[in-house]
Every structure is written in structure tokens, then in C-alpha cells.
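Student: I have just opened this model. Can you walk me through it?
Tutor: Gladly. Ask away.

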Amino acid sequence: MSQALMEPFSSQLNLETGVIAQAQIIRRTLSDMRTMFADRAAAERILAEEGDRLIYEVYAVPLPEEEGQILHSTTIIYPGRVGDEFHMTKGHFHEKRARAEIYVGLAGEGYLVLQSEEGEVRGVPMQRGTIAYVPPLWAHRTVNTGATPFAFLAAWPGDSGHDYGTIEQTGFARLLVNRDGQPTFVDNPHWRR
Ligand code: S6P
Ligand code: ZN
């Protein structure tokens, strides 16, 4: 089988900030995620009193989402909390559950939080230089537990696909919240399988 040749190329990553030049930028604000934080009243209060708030940005290198490609992007999660819960990404399973992913920490500090289909949760601390591995079958979300932007590079197979719906419906069984100045995992009161 013959495949059309794709031209090699490179992208410029700012290792301090996580910004990739000339990438496609996706911005997620609190209004995009208003039901995903456990303290929904706190989310509504922020929206009413402060207006919308930028939670995270994704800088994606444009590539075809197909088998054989290695998709890559950076994520920058801005510091802050909604109630006690730290700013985080929406989180997803890969549509093809058998597709893994690699994260490389660039700036700030946070956690990679993973959840199996059965609701088991794991937390992997991340900082600049951490290589965190998302094995096949785990939903994944990242959380900024620090006071500065938390940025990381991600790479994953081009045919993974993204299933956001499952996590939108169930949430994660455990949340990362601030307890006496320490990031702490607690049970999610809204968790349902
Ligand atoms: C993609 C990879 C990341 C996330 C990004 C934002 O498979 O896991 O690039 O897309 O961190 O998170 P989310 O859950 O909004 O896609
Ligand atoms: Zn992913």
C-alpha cells in the first residue's frame, strides 16, 4: 500500500511557558466546565461576581488524527481554585481505550489524575522534568496544585480519539482539594458510576 509522503516539520516550544508558536489554541473557561467542579455553587458565584475565568489552554500542533501519526500539544493550567478544588482539565478516556499517552512536565506543579473504568483513582505528582505515563485504559485529567501556571507536553497516537462524555456524566471518584495549604485527595460527593 502506498501512502502520500508528508513533509517533515518542526515546531517551536517555549520550555519556560509551554507555549507552542503557530499552534491551534483551545481555551477552556469556567463557563465551559461549570458542572465539573464539585462545588457548583462556588462556580456559579464566581461567574456571577467575577465573570468568566480562563482555566486552561491547549496549544496543539495541527496533524491529521489518523493511525500512524503522533499527535502532540501542550497544556497550560492557570493557578486557582473553585471552592476548595484546584483548577484542572476536563479529563477524558481515549475513545480507543487501548491507546496510551506520555506527558512531560515543563513548568509549575500539579498532578496527573487517572481513573479506570471501574472507578479506581491514581495520582501522579508532576513538575518540570517529570515524564508521566498514561497507560492504556485509564481516563486522565491534570490538576494545577501550585501558585503558578502548570504546563506540560503531551504525545499520543493519532487514532486514539477522545471520549469526554463518560467523565462528564460520572466525574472522577476523587478530587484534589486544598486542605490547610496541602493538595489532598477527597471523595467526590457527586461521584456516580
Ligand atoms: C490529549 C491529551 C491532552 C489533553 C489536554 C486538555 O489526549 O490528554 O493534550 O487534551 O491536557 O485536557 P482535556 O481533557 O480537556 O482534553
Ligand atoms: Zn489523552
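Student: How many bridges join strand E8 to E11?
Tutor: This is a predicted model. Strand E8 covers residues 109–115. E8 and E11 run antiparallel. The bridges that join them number six.

Student: Which residue in E11 stands opposite Gly 110?
Tutor: Look along the pair E8 and E11, which run antiparallel. Opposite Gly 110, in E11, stands Asn 144.

Student: What is the order of the strands in the open sheet of three?
Tutor: The pairing in this sheet is antiparallel. Strand E9 (121–127) and strand E11 (139–144) each have a single partner strand, so one side of each has no neighbour in the sheet. Those two therefore stand at the edges. The order is E9-E8-E11.

Student: What does the twist average from one strand to the next?
Tutor: Follow the open sheet in the order E9-E8-E11. From one strand to the next, the twist averages 25 degrees.

Student: Is Gln 22 buried or exposed?
Tutor: Gln 22 lies in the segment before strand E1 (24–29). Its phi is positive, near 55 degrees, and Gln 22 is not a glycine. The relative accessible area of Gln 22 is 81%, and the cut-off for exposed is over 50%. So Gln 22 is exposed.

Student: Where is Leu 137, and is it buried or exposed?
Tutor: Leu 137 sits in the loop between strand E10 (131–134) and E11. Phi of Leu 137 is positive, about 85 degrees, although this residue is not a glycine. Its relative accessibility is 53%, where over 50% is needed. Leu 137 therefore counts as exposed.

Note on methods
Residues are numbered from 1 along each chain as its sequence is written. Chains are lettered from A and ligands numbered from 1 in the order in which they are written. This is a predicted model: local features need pLDDT of at least 70, side-chain atom pairs count only at pLDDT 80 or more; totals for chains, interfaces and linings use all residues. Side-chain values use heavy atoms; hydrogens and water are left out. Two strands pair if DSSP finds at least two bridges between them. Helices (H or I, at least four residues) and strands (E, at least two) are DSSP runs, numbered from the N terminus. Axes are lines fitted to C-alpha atoms, for helices over the stretch in contact, and angles run from 0 to 180 degrees between N-to-C directions. Buried means under 20% relative accessible area, exposed over 50%, partly exposed in between (1.4 Å probe, protein chains only).
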